[in-house]
Amino acid sequence: MKYKEITQTTEYKNDNNQCTIVASSVAFNIDYKKVHKFYMANGRKKNRGLLPYHTEKLIRKLAKLEGFKVTTFKPRFIAGNIRKWVAVDGKSAEILLTISKHLTPNNQSLFLPKGNYIMGVSGHVIGIKNGIVHDWTSGGKHRAKVLYKIEKIGKKVKRQTFPDAYDDWMNFKF
């Protein structure tokens, strides 16, 4: 969803400190109301933001349910002012980019490859879709501390409901 559409929903108007929900809706391209319901069902309290650990945990959980892959990138400083944004998931040594400036919502379109990202800055996260910032910080100079690259893999996980489990149990053969 787009930021302007999100700001018109009643869930957005009746809640505060929901940057993670907005960023997730934008980056995953999922309806804001559905994402809001997911976060509330997974421990987020109304008018309360999430700590970075919980933010990453719930982003990954949402990605798994909706058929997305999340790769976490953090800056690693090398010679002088040069920064390499390196995958920190432990599975790959992927380098997203190498730049000599701080990455911000204002300059990210110059450096990031096209795609969907959630950018973590101090105390806030921002949804980015193909170089366009969908947040009130658009044009801001907040320094990025972490980037979550969101990629669709198409393997949406179906939650098993009680009737499904019951049918499986009744069809079990000894």
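A pocket, as the word is used here, is an open set of grid points with protein on both sides within 12 Å along at least five of seven lines, and its lining residues have an atom within 4 Å of a point. With that in hand, let's look at this predicted model.

**The pocket**

The largest pocket has 29 lining residues, and C19, T20, G123, H124 and V125 are the ones nearest its centre. Its volume comes to about 510 Å³. Who builds the walls? Helix 3, helix 5 (52-66), strand 4 (116-121), strand 5 (124-129) and strand 7 (146-152) each chip in at least two residues. Sorted by class, the lining holds 14 nonpolar, 9 polar and 6 charged residues.

**Three helices and how they cross**

Helix 3 and helix 5, both of which help line the pocket, also touch one another, and helix 4 joins in as well. Here T20 of helix 3 contacts helix 5, and T20 is also among the residues nearest the pocket's centre. Here are the three pairings side by side.

| Pair | Crossing angle | Axis separation |
|---|---|---|
| Helix 3 (19-28) and helix 4 (32-41) | about 130 degrees | 9 Å |
| Helix 3 and helix 5 | roughly 35 degrees | within 11 Å |
| Helix 4 and helix 5 | roughly 125 degrees | within 11 Å |

Take helix 3 and helix 4 to begin with. They pack at about 130 degrees, which makes helix 3 oblique to helix 4. Their crossing is right-handed. On the helix 3 side you'll find T20, I21, V22, S24 and S25, and these meet Y32, V35, H36 and Y39 of helix 4. That contact splits into 5 nonpolar and 4 polar residues, with no charged ones.

Now for helix 3 and helix 5, which cross at roughly 35 degrees. This crossing is right-handed too. T20, S24 and F28 come from helix 3, while helix 5 brings T55, I59, L62 and A63. The tally for this contact is 4 nonpolar, 3 polar and no charged residues.

That leaves helix 4 and helix 5. Their angle is roughly 125 degrees, so helix 4 counts as oblique to helix 5. Helix 4 passes helix 5 in a right-handed crossing. K34, V35, F38 and Y39 in helix 4 touch L58, I59, K61, L62, L65 and E66 in helix 5. By class, there are 7 nonpolar and 3 charged residues in this contact, and no polar ones.

A few residues turn up twice. In helix 3, T20 and S24 meet helix 4 and also take part in the contact with helix 5. In helix 4, V35 and Y39 meet helix 3 and helix 5.

How values were computed:
Residues numbered from 1 in each chain as written. Predicted model: local features only at pLDDT ≥ 70, side-chain atom pairs only at ≥ 80, totals over all residues. Heavy atoms only, no water. Axes fitted to C-alpha atoms, helices over the stretch in contact; angles between N-to-C directions. Helix = DSSP H or I, 4+ residues; strand = E, 2+ residues; numbered from the N terminus. Parallel < 35°, antiparallel > 145°, perpendicular 65-115°, else oblique. Left-handed = near helix turned anticlockwise from the far one by under 90°. Contact = heavy atoms within 4.5 Å. Nonpolar A, V, L, I, M, F, W, Y, C, P; charged D, E, K, R; others polar. 1 Å grid on protein atoms, 1.4 Å probe; cavity = no way out; pocket = protein on both sides within 12 Å on 5 of 7 lines; lining within 4 Å. Points joined across faces, edges and corners; volume = space filled by probe spheres on them.
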